[in-house]
Amino acid sequence: MRAYLSYPLEDTSVVWPGEATVQIRRDTSIEKQGYTSFKTLLPNHHGTHCDGPRHFNPNGPGLTELELEWFCYDHVAAADIPMETGRGVTPEDLRPYEDAVRGAELLLIKTGFCLRRDSDPRAYESHGPYLTPEVCRYLVESFPKLKAVGLDFLSVGTPANHLSRLAHQTLFGCHNGKFILAIEDMDLRPLFQTGKTPDQVLALPLRLVGVDSSQVTVVGQFQD
Ligand SMILES: [Zn+2]
C-alpha cells in the first residue's frame with residue numbers, strides 16, 4: 001500500500017504565525033479563453049516542505065545542489081513520542097529508539113499532533129511540539145547515516161519560544177558540519193491508521209534553482 005505523507009496545499013492551510021501562505025489564482029478559464037490555467041505564488045515554507053541546510057547555514061547547499069538520494073529513504077525508523085500539548089523533543093525521548101535510528105536514513109517523529117491539525121489549527125500553528133537544540137545536536141553527532149527527520153508538527157521550532165534559530169542552525173551543519181534535512185508539517189496519520197511504519201519513503205522537492213527549501217510531495221510505501 002502507498003499513501004501520501006504530505007498535505008494538500010491551499011491558501012487557508014496552517015502556517016507559522018505571520019508568514020505568507022500560498023496564493024492560487026485562476027489565470028484563464030475555458031469559458032473566456034478556451035482553456036484553464038492558474039498562477040501560484042508559493043512561499044517555500046508553507047505546507048509540507050523540506051528545510052534544506054541553507055535555510056540557516058550560509059555555507060550549506062541549496063536544495064537543487066543535493067543529490068536525489070537525499071530525498072529517498074529505504075530505511076525508515078519511527079519514534080512514538082505522544083504529546084497532549086506541545087513541548088520540546090529531547091534526547092531522552094529518543095534513547096529507546098537509538099538502535100533503530102542508527103540504521104535509519106529517515107526518522108519520523110510521531111507526536112500525534114497531526115491528528116489535531118484540522119480540529120485545532122491555532123494550537124497546531126502556535127503551541128505545537130518542537131525540536132530542542134539538544135536533540136538536534138544529539139542527532140547530528142550520533143547518527144551519521146541519518147539524512148532527514150520528519151515531523152508530524154509545524155516546524156523544527158515554535159513561535160512560543162526563542163530556541164528555533166539555534167535548533168535549526170545545529171541541525172543544518174553549523175555545529176559539527178553534519179546536516180540533516182527536516183521535513184516539516186508531515187501527515188503521519190497513515191502511520192497511526194495502519195499501526196505500521198513505511199518501508200520506504202520518497203520526499204521529492206520542486207527543483208527550484210537557488211532556493212533553500214521547498215514543498216515536498218511525500219509518499220510512503222507500507223507492507224500490505
Ligand atoms: Zn521551513
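**Figure 1. Contacts of Ile183 in the predicted model.** Leaving aside residues up to four places away in sequence, Ile183 touches Cys50, Ala148, Gly150, Leu151, Ala203, Val216 and Val218. Ile183 itself belongs to strand β11, which covers residues 181-184. Because 25 C-beta neighbours lie inside 10 Å of Ile183, and 20 or more suffice for the assignment, this residue counts as buried. Asp93 lies 90 residues from Ile183 in sequence, and the C-alpha atoms of the two are 19 Å apart in space.

**Figure 2. The buried residues of helix α5 and the elements against which they pack.** Helix α5 comprises residues 164-171, and Ala167, His168, Thr170 and Leu171 are buried in this helix. Viewed down the axis of α5, the buried residues fall within an arc of 165 degrees, and they therefore line one face of the helix. An α-helix has 3.6 residues a turn, so residues three or four places apart point the same way. The packing partners of the buried residues of α5 are β9 (130-131), α4 (133-142) and β11. The last of these elements, β11, is the strand that holds Ile183. After α5 comes Gly173, with a positive phi near 100 degrees.

**Figure 3. Strand β13 and its antiparallel pairings.** Strand β13 spans residues 213-221 and is joined to strand β1 (residues 2-4) by three bridges, the two running antiparallel. In this pairing, Arg2 stands opposite Gln221 of β13. Strand β4 (residues 49-51) also pairs with β13 in the antiparallel sense, over three bridges, and His49 is placed opposite Gln215 of β13. Between strand β12 (residues 200-205) and β13 there are six bridges, again in the antiparallel sense; here Leu202 has Val219 of β13 as its bridge partner. Residues of these strands recur among the contacts of Ile183, including Cys50, which falls within the range of β4, Ala203, which falls within that of β12, and Val216 and Val218, which fall within that of β13.

**Figure 4. The antiparallel pair formed by strands β2 and β3.** Strand β2 (residues 23-28) and β3 run antiparallel and are joined by five bridges. Gln23 stands opposite Leu41, a residue of β3. Strand β3 consists of five residues, 37-41, and the number buried is zero, so this strand lies largely in the open.

Notes:
Residues are numbered from 1 along each chain as its sequence is written. This is a predicted model: local features need pLDDT of at least 70, side-chain atom pairs count only at pLDDT 80 or more; totals for chains, interfaces and linings use all residues. Helices (H or I, at least four residues) and strands (E, at least two) are DSSP runs, numbered from the N terminus. A residue is buried if 20 or more other C-beta atoms lie within 10 Å of its own, exposed if 12 or fewer, and partly exposed in between; C-beta atoms are placed from the backbone. Two residues are in contact if their C-beta atoms, placed from the backbone, lie within 7 Å. The arc is that of the directions from the helix axis to the C-beta atoms. Two strands pair if DSSP finds at least two bridges between them.
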